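Q: I have a structure open in front of me and would like to learn how to read it. Could you walk me through it, one feature at a time?

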Amino acid sequence: MFCWGAKAKSLNAVGFPNARDWNPTEEDWKLPENWQEIFLEGMRERLSKYRSFRLFMDICVRCGACADKCHFFIGTGDPKNMPVLRAELLRSVYRRYFTKAGKMFGKLAGARDLDLKVLKELWYYAFQCTECRRCSVFCPYGIDTAEITIIVRELLNLLGLNIQWTMGPVADCYMKGNHLGIEPHTMVNIFETMCDDIETLTGIKITPSFNRKGAEILFVTPSGDFFADPGTYTCMGYLMLFHELGLDYTWSTYAAEGGNFGFFTSNEMAKRLNSKIYAEAKRLGVKWILGGECGHMWRVMNQYMDTWNGPADFLEVPKSPVTGTVFENARSTRMTHIIEFTADLIRHGKLKLDPRRNDHLKVTFHDSCNTSRAMGIFEEPRYVIKSVCNHFYEMPDGTTREQTFCCGSGSGFNAGENMELRLRGGLPRANAVKYVRDKYDVNMLANICAIDRAALTTSMNYWNPGMGVTGVHELVANALIMTGEKKRETNMRGDPLDMPVEEPEAEAGAAAPADKAAGGKANV
Amino acid sequence: MPTIDFQGKQIELDEDGYLVNLGDWTPDLATHLATGDGMTLTESHWEVINFLRDYYAKYQIAPMIKILVKEIAKSMGPEKGNTKYLYELYPAGPAKQACRYAGLPKPTGCV
């Protein structure tokens, strides 16, 4: 179970070392002669640079609290997918070369030589961790196994040992502005198509702007949202919402990617890709940045962007032009998650909503690993969903919020050749979805992540056939009553609406449950 | 990297059978690749392949499904403008299978 090795052309595009075509199934991985030296030097450098890395190497007592928390261990039954043992693959090398006991007693001290077999094992398991960080929630020491995986991937990257499903998007994002390699004129063509669909649905013509200087807000979302279904319906949802609000915003064809597959190769690459967003915000002279529904994008924005490429002092603290809410939590990054923005709109009664248009759906919500564990966004999506849908059901405790299960394909694993691992890794999440399907007839799995929309669609087709997958802003768009719209005949996907014929007068925000706060983070 | 010998020429393919060099593509090669999967390319199949190639020449990427569906509806009639019809033509998926015969690279990312 693995993805194909990274290609020379993609590695070359960003100047990564040892660029060559190679095949993981072949004996010869075409490594540089001094590969051990490179690997260990890379390790030494990172041990001195990242205190957390040395700490995580040293302090694990192998208590096993993490062992059964990993979706890949649950799905594969492979002991090396217990986070503790996965990390042990690198710890054993650490002991051998960086601790006295390991240097002296070798195997007795749990140390092992870095040979080719060990290297290949590290590669195999570094790409069987989605960096979802569920295990870290349960670690009594707070060891973040994702950070260990990140380091292993960085070290492998020094030897050109990456996977193409990650490297292709990295190269495309670097050269063309987004993971999919959508060029500016293509992006415009795609948006015209989506706007045609919106006009058919609502009778309203929307003409979004691109690279517009002087706009108040720059909007950035993962490119999957404007390329692959069902993400496109969510993207149409953004377009409809912004149009209805009369938002002074622009798309960018340069910073046309919210996601950051660079984050799955090395910190340095992630920083390079991330820098485009502030650079574009500065060039266009916007006041602040609004970001779409994405998972790992927000881990990067929330925990790294400011340190890497900040301070963004040329921007203002995000302030909703509709409600006046200042998003204090984005004071340093100057970038706000759209689910916080929309929850705030609903909280202030700024949207006309008819949740009956989602009555054909019984919805559950999958917390994305990164927005939940890296940001604590729990209430906002639920508040928005409950405001636009009448039927919402939670999956069982222990599978949601900070304990959410990974979709199974995060961190750049969505490749076709990797299907078995993806489906095995997707099993725990799918099992919880099956529970609410059997109990409440749930037929729609909502989420706020583009990888989720792609990965869960595949996973559900296999584990829970018939289960739909949607972004939250598709549900918002279904319910959104737009000024001057024609009577909706279908939902966003073109399926006939199953609801009463007469359209009642809808009051602004009347559909919103007024008793729930929009979440603790916005300064309402 | 695997290669196939076709009409006296070595054609390089990637691990999933997609052309490495888009310039290697010929209609005969498309037929050859389809035959390898036990498929016969009919006029309806060619309609899709030709559109994919035209779109790629203009936009440097395979079209999103939405655009392909609309185009097929335009040229073949609204009853065929749906993903079901495309999956009937290309059971392994229009994005994957048809792109491979058309000589286009497969899209990667959050898809």
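Q: In chain B, what share of the contacts with a separation of 6 or more comes from residues 24 or more positions apart?

A: Happy to start there. Keep in mind that this is a predicted model. In chain B, 44% of the contacts with a separation of 6 or more are between residues 24 or more positions apart.

Q: How many helices and strands does chain B have, and which pattern does the sequence follow?

A: Chain B holds five helices and two strands. Going along the sequence, the pattern reads β-β-α-α-α-α-α.

Q: How do the strands β1(B) and β2(B) pair?

A: A general idea helps here: side chains in a regular strand alternate between the two faces of the sheet. In this model, β1 (residues 3-6) and β2 (residues 9-12) of chain B pair in the antiparallel sense, over four bridges. Look for Ile4(B), whose bridge partner in β2(B) is Ile11(B). The hairpin has two residues between the strands, and Gln7(B) takes a positive phi near 45 degrees there.

Q: What radius of gyration does chain B have, and what would a compact globule have?

A: A compact globule of 111 residues would have a radius of gyration near 13 Å, and the 14 Å of chain B agrees with that. Along the principal axes, the C-alpha atoms of chain B fill a box of roughly 40 × 30 × 20 Å. Of its 111 residues, 30% count as buried.

Q: Where is confidence lowest and where is it highest in chain B?

A: The mean is lowest in α3(B), at 88, and highest in helix α1 (residues 27-36) of chain B, at 95. Chain B as a whole averages a pLDDT of 90, with 96% of the residues scoring at least 70. For the model, ipTM is 0.91 and pTM is 0.93.

Q: How many residues does each chain bring to the contact?

A: In general, the size of an interface is often given as the accessible area lost when the parts come together. Here we can count residues: 28 come from chain A and 16 from chain B. On the chain B side, helix α3 (residues 65-76) gives the most, with four residues. That side divides into nine nonpolar, three polar and four charged residues.

Q: Is helix α17 of chain A mostly covered or mostly open, and what covers its buried residues?

A: Helix α17 (residues 379-388) of chain A is mostly covered, with eight of its ten residues buried. Among them are Tyr383(A), Val384(A) and Ile385(A). The cover includes α15 (338-347), β5 (363-365), β6 (444-447) and α20 (472-479) of chain A.

Methods: Residues are numbered from 1 along each chain as its sequence is written. Chains are lettered from A and ligands numbered from 1 in the order in which they are written. This is a predicted model: local features need pLDDT of at least 70, side-chain atom pairs count only at pLDDT 80 or more; totals for chains, interfaces and linings use all residues. Two residues are in contact if their C-beta atoms, placed from the backbone, lie within 7 Å. Ala, Val, Leu, Ile, Met, Phe, Trp, Tyr, Cys and Pro count as nonpolar, Asp, Glu, Lys and Arg as charged, and the others, Gly among them, as polar. A residue is buried if 20 or more other C-beta atoms lie within 10 Å of its own, exposed if 12 or fewer, and partly exposed in between; C-beta atoms are placed from the backbone. The radius of gyration is taken over C-alpha atoms; the globule rule is 2.2 Å times the number of residues to the power 0.38. pLDDT is the predictor's confidence in each residue, from 0 to 100. Two strands pair if DSSP finds at least two bridges between them.
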